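Hi,

Here is the structure I promised to pass on. Have a look at it first, and then read my notes below.

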Amino acid sequence: MNKSDFYYDLPAELIAQTPLEPRDSSRLLVYDRKTGEVSHKHFYDLVDLLGKDDVLVINNTRVLPVRVTGVKDGTGAKISFLLHKQVSKNVWETLCRPAKRVTVGAKLTFSDDLTGEIIEEGEEGARTIKFTYDGLFENILYRIGEMPLPHYIHKTLKDKDRYQTVYAKTNGSSAAPTAGLHFTDRLINALKQKGVQFAEVLLHVGLGTFLPVKTDNILDHKMHSEFYSVSDSAADMINSARKEGKRIIAVGTTSVRVLESCSDDDGTVRAGSGETSIFIYPPYKFKAVDSLITNFHLPESTLIMLVSAFLGREKTLELYKTAVEEKYRFFSFGDSCFFR
């Protein structure tokens with residue numbers, strides 16, 4: 001199967017540059033897999049679409065403002081870094097531009113209380129950097145860093161929290177689990193009042209979010225790895241719900257990756273943590289996910305491949321064509337889908 005099999009035409013004007021307010025006012029394309037019915041709603045309509053027999057699995061990762069600019073000692077050159085994975089307390093794997101200006105041993109100054117030294121080089125701009133700082137590293141990042149918005153967003157984000165879910169808890173992501181950006185506290189409370197359960201899992205979104213599939217044959221694509229964790233309480237909630245015949249609804253592809261990485265063939269979810277490099281593409285038999293809430297994804301990306309595994313490739317492209325015709329907003333700050 002080739003990556004071109006997952007291509008679709010998207011007018012540039014449909015790529016959302018700014019998020020809507022309020023969050024839950026975004027549009028929601030609903031597709032019923034049993035009846036084939038397609039309907040057009042808003043995200044706040046989940047209150048009517050969900051009930052006491054549903055469990056939403058959400059990713060509570062928190063995005064750090066990990067895009068920082070350093071000045072190279074000796075030359076004054078400005079180098080942009082995207083921190084994507086923490087190796088140890090003060091060592092991070094990064095992507096940097098322009099990479100050719102920083103080799104092993106290069107030293108940089110990011111602020112009065114943050115400096116760094118390149119200790120390892122990788123391919124395609126990858127650099128490992130060892131930081132030296134005074135105080136709390138995360139506090140420094142929040143002061144000097146920018147949110148790592150995708151390359152297709154050209155407008156500046158004034159409020160950093162807008163690229164953060166309202167239920168974000170654990171720092172560690174280089175990108176937001178964007179399906180969750182549509183939830184508001186008001187909507188969550190309304191869903192809980194209806195009896196909808198929320199199971200929290202964790203997956204730190206990493207480097208792979210920024211890397212395209214470069215191989216023509218998707219089987220030759222090397223999938224990135226990301227840290228995940230599932231608590232005993234979350235696993236118990238999901239497993240109990242499945243035994244009771246309740247619907248397990250993954251909020252976003254990151255939640256899917258967690259559930260499918262830590263579940264047995266019968267869908268039983270195992271608590272624990274580790275690294276997952278699961279690559280989901282057609283054909284794939286889902287073990288732990290019954291329904292999916294997700295945004296519209298880039299052509300030829302691993303994410304649209306995952307959706308194609310869930311719905312079938314032809315149906316996915318058909319629904320995306322419908323979304324283009326209906327002028328839905330696409331990608332991170334865009335609208336969403338509910339595949340029930």
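In which sense do strand 14 and strand 16 pair, and over how many bridges? They pair in the parallel sense, over three bridges. Before I go on, please keep in mind that this is a predicted model.

Let me stay with strand 16 (291-295) for a moment. Five of its five residues are buried, so strand 16 is largely enclosed by the rest of the structure. You can see that on both of its faces: Ser291, Ile293 and Asn295 are buried on one side, and Leu292 and Thr294 are buried on the other. The pairing with strand 14 includes Val251, whose bridge partner in strand 16 is Ile293. Strand 16 also pairs with strand 17, this time in the antiparallel sense and over four bridges. There, Thr294 stands opposite Cys337 of strand 17. As a quick reminder, strands of a sheet pair through backbone hydrogen bonds, either parallel or antiparallel.

Next, helix 4. At 1.5 Å a residue, the 12 residues of helix 4 (residues 232-243) should span 16 Å, and the end C-alpha atoms are indeed 16 Å apart, so the two values agree. Which residues of helix 4 are buried? They are Ala234, Ala235, Ile238, Asn239 and Ala241. These residues cover an arc of only 160 degrees around the axis, which puts them on the same side of helix 4. The face turned away from that buried side carries Asp232, Ser233 and Lys243, which are exposed. As for what covers the buried residues, the list includes strand 3 (54-59), strand 12 (197-203), strand 13 (226-230), strand 14 (247-251) and helix 5 (253-261).

Just after helix 4, Gly245 takes a positive phi of about 80 degrees. Then comes Lys246, in the loop between helix 4 and strand 14. Is Lys246 buried or exposed? Its relative accessibility is 18%, and because the cut-off for buried is under 20%, Lys246 counts as buried. Its side chain makes a polar contact of 3.4 Å with the side chain of Gln197. Leaving out residues up to four places away in sequence, Lys246 touches Lys52, Asp53, Gln197, Ala241 and Asp290. Ala241 is one of the buried residues of helix 4.

Now to the barrel. Six strands form a closed barrel in the order 5-6-7-10-9-8, with antiparallel pairing. From one strand to the next, the twist averages 45 degrees. Helix 2 (residues 137-144) packs on the sheet, touching strand 5 (67-72), strand 6 (78-88), strand 7, strand 8 (107-111), strand 9 (114-121) and strand 10. The direction of helix 2 makes about 75 degrees with that of strand 8. Within the barrel, strand 7 (residues 91-97) and strand 10 (residues 126-133) run antiparallel and are joined by five bridges. If you want one pair to click on, try Glu93, whose bridge partner in strand 10 is Thr128.

Another spot worth opening is Asp24, in the segment before strand 1. Asp24 is buried, with a relative accessible area of 4%. Which side chains make polar contacts with that of Asp24? Thr184 does so at 3.3 Å, and Arg186 at 2.6 Å. Not counting residues up to four places away in sequence, Asp24 touches Phe43, Tyr44, His182, Thr184, Arg186 and Leu187.

Finally, some backbone details:

- A cis peptide bond joins Glu21 and Pro22, with omega at about -10 degrees. Pro22 sits in the segment before strand 1 (27-31).
- Pro282 and Pro283 are also joined by a cis peptide bond, with omega at about -10 degrees. You will find Pro283 in the loop between strand 15 (272-276) and strand 16.
- Glu124 is not a glycine, yet it has a positive phi of about 55 degrees. Its place is in the loop between strand 9 and strand 10.
- Lys327, not a glycine either, has a positive phi of about 60 degrees. Lys327 lies in the loop between helix 7 (313-325) and strand 17 (336-339), and at 59% relative accessibility it counts as exposed.

Cheers

Conventions: Residues are numbered from 1 along each chain as its sequence is written. This is a predicted model: local features need pLDDT of at least 70, side-chain atom pairs count only at pLDDT 80 or more; totals for chains, interfaces and linings use all residues. Side-chain values use heavy atoms; hydrogens and water are left out. Helices (H or I, at least four residues) and strands (E, at least two) are DSSP runs, numbered from the N terminus. The expected span of a helix is 1.5 Å times one less than its number of residues. Buried means under 20% relative accessible area, exposed over 50%, partly exposed in between (1.4 Å probe, protein chains only). The arc is that of the directions from the helix axis to the C-beta atoms. Contact means heavy atoms within 4.5 Å. Two strands pair if DSSP finds at least two bridges between them. Axes are lines fitted to C-alpha atoms, for helices over the stretch in contact, and angles run from 0 to 180 degrees between N-to-C directions. A polar contact is a pair of N or O atoms within 3.5 Å; within protein, one must be able to donate a hydrogen and the other to accept it, and residues adjacent in sequence count only if both atoms are side-chain atoms.
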